[in-house]
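Me: I am new to this structure and would like to learn how to read it. Can we go through it one feature at a time?

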Amino acid sequence: MKNWLIIFLCACTGVMLAQTETIAYQSILSNDGGSIINNSSIELMVEIIAGSATGAVVYDELHNVTTGNNGEIDIEIGSGTPSLIPFTDIDWSVPNYVQLSVRQNSNNSFATFSTRELLSVPYALFALKVACDDPCPGNPGPDGVNGADGATGGTGATGPIGPIGPTGATGPPGQDGQSGADTLSPTNEIPTNPVNGQFYIDDGSNRADNSIGFRYFDGTNWIDL
């Protein structure tokens with residue numbers, strides 16, 4: 001029987017960043033003379049043994065792989081073809097060992113080259129079989145209803161006075177008013193182009209009572225005062 005040597009690179013650590021349901025396994029395959037078995041098709045049998053290295057095989061799976069240029073093999077334990085129970089049915093709360101066997105020709109029997117204890121497994125697998133001391137927490141419930149609005153807060157303090165704005169543009173000059181002398185002397189002439197609020201003393205020629213008196217322009221008409 002041909003002897004096999006496996007150089008372990010990442011031997012069944014089960015250390016994963018994601019909560020997967022497989023265990024990464026990588027190694028380099030060589031023969032008993034130390035020659036790398038590269039670019040070769042092999043069958044790899046993976047067996048899980050419960051309790052101890054000599055315990056009962058509770059799970060097995062077969063992988064058909066091709067070694068790389070440097071004899072490397074790279075598989076995911078749990079993704080092969082099982083013949084006993086599903087991978088997720090293994091009891092991960094007890095010690096488990098992984099046994100690896102290989103054959104290069106389907107007419108030959110498998111040669112076991114490694115039996116090692118699995119010191120860690122992905123959390124997703126462990127959680128499937130480990131019972132909680134207290135009842136296990138369930139899935140998160142739906143979000144609760146929104147609470148009532150709180151009371152309106154008090155009015156805040158008045159802020160500081162803002163800076164004074166720039167001075168506006170100077171408006172156009174107003175219309176010249178009538179001279180004081182003209183407005184205080186009785187006349188029979190009604191001022192032309194009067195402005196709102198302008199007044200004069202009429203000699204009675206334009207007043208309704210024909211008497212001397214003041215007249216006032218309200219912007220539209222002359223009013224007798």
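Me: How many bridges join strand 10 to strand 11, and do these strands run parallel or antiparallel?

Reply: As a general idea, strands of a sheet pair through backbone hydrogen bonds, either parallel or antiparallel. In this predicted model, strand 10 (residues 213-217) and strand 11 run antiparallel and are joined by three bridges. One bridge partner pair is Phe 217 with Trp 222, the latter in strand 11.

Me: In what order do the strands of that open sheet come?

Reply: The order is 9-10-11, with antiparallel pairing. Strand 9 (199-202) and strand 11 (222-224) are the edge strands, each pairing on one side only. From one strand to the next, the twist averages 30°.

Me: Which residues does Asp 224 touch, leaving out those up to four places away in sequence?

Reply: Asp 224, which lies in strand 11, touches Asn 206, Arg 207, Ala 208, Phe 214 and Arg 215. Its C-alpha atom is 7.5 Å from that of Gly 213, a residue 11 places away along the chain.

Me: Is Asp 224 buried, partly exposed or exposed, and why?

Reply: Partly exposed, because its relative accessible area is 31%. That value falls between the cut-offs, with buried meaning under 20% and exposed over 50%.

Me: What secondary structure does the whole chain have?

Reply: The protein chain has two helices and 11 strands. Read from the N terminus, the elements run β-β-β-β-β-β-β-β-α-α-β-β-β. Of its 225 residues, 28% count as buried.

Me: Which residues of the largest nonpolar core touch the most other members?

Reply: The general idea is that in soluble globular proteins, nonpolar side chains tend to be buried together. Here the largest nonpolar core has 21 residues, and those touching the most other members are Tyr 25, Leu 44, Val 46, Ile 75, Ile 77, Phe 87 and Val 98. Two or more residues come from each of strand 2 (23-31), strand 3 (41-50), strand 4 (57-66), strand 5 (72-77) and strand 7 (96-103). Strand 3 gives the most, four residues.

Me: What does Leu 44 touch beyond four places in sequence?

Reply: Leu 44 has contacts with several residues, among them Tyr 25, Leu 62, Ile 73, Ile 75, Val 102 and Phe 113. The list also includes Glu 61, His 63 and Ser 101.

Me: Which sign does phi have in Asn 39?

Reply: Most residues other than glycine have a negative phi. Asn 39 has a positive phi of about 50°. Asn 39 sits in the loop between strand 2 and strand 3, and counts as partly exposed because its relative accessibility is 49%. Asn 210 also has a positive phi, near 55°. This residue lies in the loop between strand 9 and strand 10, and is exposed, with a relative accessible area of 60%.

Me: Where is Ser 120 placed?

Reply: Ser 120 is in the loop between strand 8 (111-117) and helix 1 (123-129). The C-alpha atoms of Ser 120 and Ile 23 are separated by 9.6 Å, with their positions 97 residues apart along the chain. At 28% relative accessibility, Ser 120 is partly exposed.

Me: What pLDDT does the protein chain average?

Reply: The average is 80, and 79% of the residues score at least 70. Over residues 1-19, pLDDT stays under 50.

Key: Residues are numbered from 1 along each chain as its sequence is written. Side-chain values use heavy atoms; hydrogens and water are left out. A nonpolar core is a set of buried Ala, Val, Leu, Ile, Met, Phe, Trp, Tyr and Cys residues joined through side-chain atoms within 4.5 Å. Buried means under 20% relative accessible area, exposed over 50%, partly exposed in between (1.4 Å probe, protein chains only). Contact means heavy atoms within 4.5 Å. Two strands pair if DSSP finds at least two bridges between them. Axes are lines fitted to C-alpha atoms, for helices over the stretch in contact, and angles run from 0 to 180 degrees between N-to-C directions. pLDDT is the predictor's confidence in each residue, from 0 to 100.
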